[in-house]
Amino acid sequence: MPKQPRHVSESSLPLQLAVDRTSPVPLYFQLSQQLEAAIERGALTPGSLLGNEIELAARLGLSRPTVRQAIQSLVDKGLLVRRRGVGTQVVHSQVKRPLELSSLYDDLEAAGQRPATEVLRHTAHTASAPVAAALGVAEGSEVLLIERLRYAHGEPMALLTNHLPAGLLDCGADALAATGLYRLMRAAGITLHSARQSVGARVAGAEEARMLAEEPGAPLLTMERTTFDDTGRAVEYGSHLYRASRYAFEFQLLVRS
């Protein structure tokens, strides 16, 4: 029999939830932030079912519209989902990835997200003008094309397309399915030193939506990255698509005096 979702009643919810009515922060936002924090730290585990809005509203002395707005904000973030006949259920927390020179595989593993990989393509390919410019090779020359679908907890997270200079890395599809590309490069003696990266967004096409379990037209985050080794040689050009409902980039900003 399939495993049934664990029900969490608000009357027995193992959380300290409270709102400050003297704060200028809206009440719904205070509640949504506390629930989001509980999901992120694992106090509300994936698959848990929240009780109904009436119980939570009564417990906190809030109106049902306020509670509904708080829950909807987490549904919009992909942290909760409303299922007909089931109720409001906790899903896996959104992956928040720092903008630094690290691999998605390592970041997911560090966050306890159980990464897995499906290798879609692993083949020699003719370098287009953008790929050639990024890798510093002649247009039309041969490069290695790697395309993978990255999963977390069995759920598709990102579509990863990478181009490497020909002959740089000797690895098969099985190795790419078992671990991250950067780990394989480091194991081969390649020292990753720096990268040039840009982040953007666009809507999903039909095929991308199918592979990423989204609706056509759903928002996707994009990332393009050229990675260099310690000699300044370009060793990888990546063009990646991430589900905006399940993924976010984090920035750390410093104030200049």
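**A walk through the salt bridges and cores**

Glu-207 and Arg-210 sit three residues apart in helix α8 (residues 206-212), a spacing of about one turn of the helix. In this predicted model, the two side chains form a salt bridge, with their closest N and O atoms 2.5 Å apart. Side chains of opposite charge can pair when their charged atoms come close. As for their surroundings, Glu-207 counts as partly exposed at 44% relative accessibility, while Arg-210, at 57%, counts as exposed.

This pair belongs to a set of six salt bridges in the structure, and another of them, between Glu-155 and Arg-243, has an N to O distance of 3.1 Å. Here the partners come from distant parts of the chain, for Glu-155 lies in strand β8 (residues 155-165) and Arg-243 in strand β11 (residues 234-243), with their positions 88 residues apart in sequence. Is Arg-243 buried or exposed? Arg-243 counts as buried because its relative accessible area, 6%, falls under the 20% cut-off, whereas Glu-155, at 22%, is partly exposed.

A further salt bridge joins the side chains of Asp-229 and Arg-233, at 3.0 Å from N to O. In this pair the acidic residue, Asp-229, is the buried partner, with 5% relative accessibility, and Arg-233 is partly exposed at 43%. Elsewhere, salt bridges with shared partners connect Glu-155, Glu-214 and Arg-243 into one network, so that the link between strands β8 and β11 described above is part of a wider arrangement that also takes in Glu-214.

The charged pairs are set within a chain of eight helices and 12 strands, in which 46% of the 257 residues count as buried. The accessible surface of the chain comes to about 13500 Å², and carbon and sulfur atoms make up 53% of that area. Among contacts with a separation of 6 or more, 61% are between residues 24 or more positions apart.

Met-185 gives one example of such a contact across the sequence. This residue lies in helix α7 (residues 181-187) and is buried, with a relative accessible area of 0%. Which residues does Met-185 touch, leaving aside its neighbours within four places in sequence? The contacts are with Leu-168, Leu-169, Ile-190, Leu-192, Val-235 and Glu-236. Of these partners, Val-235 is 50 residues away from Met-185 in sequence, yet the two C-alpha atoms are 9.2 Å apart in space.

The nonpolar interior can be followed in a similar way. In soluble globular proteins, nonpolar side chains tend to be buried together. The largest nonpolar core in this model has 19 residues, and those with the most contacts inside it are Leu-31, Leu-44, Val-67 and Leu-80. Helices α1 (27-41), α2 (53-60) and α3 (64-76) each contribute at least two residues to this core. Around Val-67, once neighbours within four places in sequence are set aside, the contacts are Leu-31, Glu-53, Leu-56, Ala-57 and Leu-62. Apart from this core lies another, of 14 residues, which includes Ile-146, Leu-168, Cys-171 and Leu-181. Leu-168, a member of that second set, is also one of the residues in contact with Met-185.

Key:
Residues are numbered from 1 along each chain as its sequence is written. This is a predicted model: local features need pLDDT of at least 70, side-chain atom pairs count only at pLDDT 80 or more; totals for chains, interfaces and linings use all residues. Side-chain values use heavy atoms; hydrogens and water are left out. A salt bridge is a side-chain nitrogen of Lys or Arg within 4 Å of a carboxyl oxygen of Asp or Glu. Helices (H or I, at least four residues) and strands (E, at least two) are DSSP runs, numbered from the N terminus. Buried means under 20% relative accessible area, exposed over 50%, partly exposed in between (1.4 Å probe, protein chains only). Contact means heavy atoms within 4.5 Å. Accessible areas come from the Shrake-Rupley method with a 1.4 Å probe; for residues, only the protein chains shown count as cover. A nonpolar core is a set of buried Ala, Val, Leu, Ile, Met, Phe, Trp, Tyr and Cys residues joined through side-chain atoms within 4.5 Å.
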